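Take a moment with the sequence and the model below. The paragraphs that follow walk through them step by step.

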Protein chains: 2
Amino acid sequence: MTHTPWQPITPAKPARERKAPLTRDRIVDAAMELLRKEGYDGVSMRKVAQELRTGPASLYAHVANKRELDQLLVERANAQLSFDDPVDPARWQEQLKDLMRAMLGTMRANPGVARAAIGAVPTGERALRTTERMLALLKAGNLPDQAAAWAADLIPLYVTAVAFEETVQSASDWTAEDVEAFVADLRAYLASQPVDRFPLTVALAGPLTAGASGDERFEFGITVITAGLAALARP
Amino acid sequence: MTHTPWQPITPAKPARERKAPLTRDRIVDAAMELLRKEGYDGVSMRKVAQELRTGPASLYAHVANKRELDQLLVERANAQLSFDDPVDPARWQEQLKDLMRAMLGTMRANPGVARAAIGAVPTGERALRTTERMLALLKAGNLPDQAAAWAADLIPLYVTAVAFEETVQSASDWTAEDVEAFVADLRAYLASQPVDRFPLTVALAGPLTAGASGDERFEFGITVITAGLAALARP
DNA sequence: CCCTTCTTCGAACGGTGTTCGTTAACGAAC
DNA sequence: GTTCGTTAACGAACACCGTTCGAAGAAGGG
């Protein structure tokens, strides 16, 4: 209905322009940029493809699926971690805390990575370096093998969960003031509960909503975990 | 092309059949059933509506959006928790562990709830009861207010993260054998790493992959957390 | 009986991950 | 130098998703 008969059906030549070849790395680059710019939900196969001036189908020649791309993003973020100071058995607890802070740091620097990392067994080379470091610190703390191994599972789980919670909270377009207002609302809500049914919740409405945006909560968490691990150390 | 001229254009009467009125509860019921049957990804507004023999738009008169429905599901699952034995200061650590076990239990019984709960501040009435119970146990353990409050945040975070990891692992169609095979593969992968770069990872390949499907890992976690909290108790 | 208010819901919008089948490009073999 | 086979690129489509709009029916009050 739109083209006259003498026009060829195939529109002459799209003349596929010569462009830089698509590679895994270029895909991860583009995805990472998108992740930093727009968060996890901003990373879709379509947008990544568009960034590379192509269609979504082209990506599947280099990446199995979205989950694999997610894992590659986690791996890329993990690569930013580096452990300079050598393991010092006398300071293993502080060094372990430093490692957890660093892990949270990279996740904060790349918002959305936590969402991709949670519930994905990290098997990349970079993740292995982190695991190795963690195990070294735990063994320096004289933990039994099984305890060290399970701790190496527990720690990333906690750090990732914290980071994930943060990125959900600051999702999309919340400003610092929005968060503050939300926390204030929550505090008021808790304080307004019936005292006879929830006496402690009402009494602790303040502490419960304290340090929501700061690092104090996280510091508390890593203190608890480190202390708990130290309690398991062999004499 | 299908109806003859003398038929009226409008098909007489859709005669909207009289049906049980849609309510919040019926929607949550249907969603909960779907959640249990097909996991979190099986719960979509469309499928819930279909289960109720209506269209997705109908749900929005009773539920603000998907996030609210998720929270209602979490609330529903929380309602299954009950705390019968009174707080006993002498046994606060064991009682706290029991609470964590119960929380994980309800999340396991309703696969997908963890996914809905993670990163959502629980403000429902049932969630408050859990918080209250937790605070009571922590205060029984002589923890300072701020420590108790932050612990009441840390504990659900950990339990939810564990449950979420489990539901991702057992997502959709993995059988117990599949999980076992995956774990075996992972162990072999870890053991095959270069010894000079990852000595501990290689040496601990066994412990690292132990107890993946059992409760030992979780027991380890709650032991660490409880011990860490006990270390913060006021003298 | 009418008028208002609320519920229901078909249709559509703009997104998502993924697959299919065709087309273009390139390296090797003749 | 030309042909051939392999592979990367990609347009189009599929089957979904959450959400919105507007019209139609039901229900209640005056």
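Through which surface do the copies meet? The model is a predicted one, and the reply comes from comparing the two sides. In chain B, 100% of the interface residues are also interface residues in chain A, so the copies meet through the same surface. A turn of 180° and a shift of 0.0 Å along the axis lay chain B on chain A, with an RMSD of 0.1 Å. The two copies are therefore related as by a two-fold rotation axis. Within chain B, Gly228(B) comes closest to that axis, with its C-alpha at 1.8 Å.

Now look at the contact itself. It joins 44 residues of chain B to 44 residues of chain A. On the chain B side, six helices each supply at least two residues: H6 (125-140), H7 (145-169), H8 (176-191), H9 (199-203), H10 (205-208) and H11 (216-231). H7(B) gives the most, with 14 residues. By class, this side of chain B has 30 nonpolar, eight polar and six charged residues.

Next, the makeup of one chain. Chain A has eleven helices and zero strands. Of its 235 residues, 36% count as buried. Take the contacts in chain A with a separation of 6 or more: 69% of them are between residues 24 or more positions apart.

H6(B) deserves a closer look. How far apart are the end C-alpha atoms of H6(B)? They are 23 Å apart. At 1.5 Å a residue, the 16 residues of H6(B) should span 22 Å, so the two values agree. Many residues along this helix can be named as buried. Among them are Ala127(B), Leu128(B), Thr130(B) and Thr131(B). The buried set also includes the charged pair Glu132(B) and Arg133(B). Further along, it includes Met134(B), Leu135(B), Ala136(B), Leu137(B) and Leu138(B). Just after H6(B), Asn142(B) takes a positive phi of about 70°.

Chain A offers its own Asn142(A). Its phi is positive too, about 70°, although Asn142(A) is not a glycine. Asn142(A) lies in the loop between helix H6 (125-140) and helix H7 (145-169) of chain A. Asn142(A) has 15 other C-beta atoms within 10 Å, so it is partly exposed. Arg53(A) is another residue other than glycine with a positive phi, near 60°. Arg53(A) sits in the loop between H2 and helix H3 (66-78) of chain A. Is Arg53(A) buried or exposed? It is exposed, because it has 10 other C-beta atoms within 10 Å.

Turn to the interior. The largest nonpolar core holds 114 residues. Which of them touch the most other members? They are Ala151(A), Ile155(A) and Ala151(B). Leaving aside neighbours within four places in sequence, Ala151(B) is in contact with Leu138(B), Leu143(B) and Leu229(B). Leu138(B) has already appeared, as one of the buried residues of H6(B).

A glycine in chain B is worth a stop. Gly112(B) is found in the loop between helix H4 (92-109) and helix H5 (113-117) of chain B. Why does Gly112(B) count as buried? It has 27 C-beta neighbours inside 10 Å, and 20 or more are enough to count as buried. Not counting residues up to four places away in sequence, Gly112(B) touches Leu35(B), Gly39(B), Tyr40(B), Val43(B) and Thr167(B). Leu190(B) is 78 residues from Gly112(B) along the chain, and their C-alpha atoms are separated by 30 Å.

Last come the DNA strands. Around strand C there are 20 residues. The closest are Ser44(A), Ala57(A), Asn65(A), Thr54(B) and Ala57(B). Helix H2 (residues 45-51) of chain A gives the most to the surface near strand C, with three residues. That surface has ten nonpolar, five polar and five charged residues.

Strand D has 19 residues around it. Which of these come nearest? They are Thr54(A), Ala57(A), Ser44(B), Ala57(B) and Asn65(B). Helix H2 (residues 45-51) of chain B supplies the largest share of the surface near strand D, three residues. By class, the surface near strand D has nine nonpolar, five polar and five charged residues.

Terms used: Residues are numbered from 1 along each chain as its sequence is written. Chains are lettered from A and ligands numbered from 1 in the order in which they are written. This is a predicted model: local features need pLDDT of at least 70, side-chain atom pairs count only at pLDDT 80 or more; totals for chains, interfaces and linings use all residues. A residue is near a molecule or strand if its C-beta atom, placed from the backbone, lies within 6 Å of it. Helices (H or I, at least four residues) and strands (E, at least two) are DSSP runs, numbered from the N terminus. Two residues are in contact if their C-beta atoms, placed from the backbone, lie within 7 Å. The expected span of a helix is 1.5 Å times one less than its number of residues. A residue is buried if 20 or more other C-beta atoms lie within 10 Å of its own, exposed if 12 or fewer, and partly exposed in between; C-beta atoms are placed from the backbone. A nonpolar core is a set of buried Ala, Val, Leu, Ile, Met, Phe, Trp, Tyr and Cys residues joined through C-beta atoms within 7 Å. Copies are superposed by least squares on the C-alpha atoms of residues with pLDDT of at least 70 in both.
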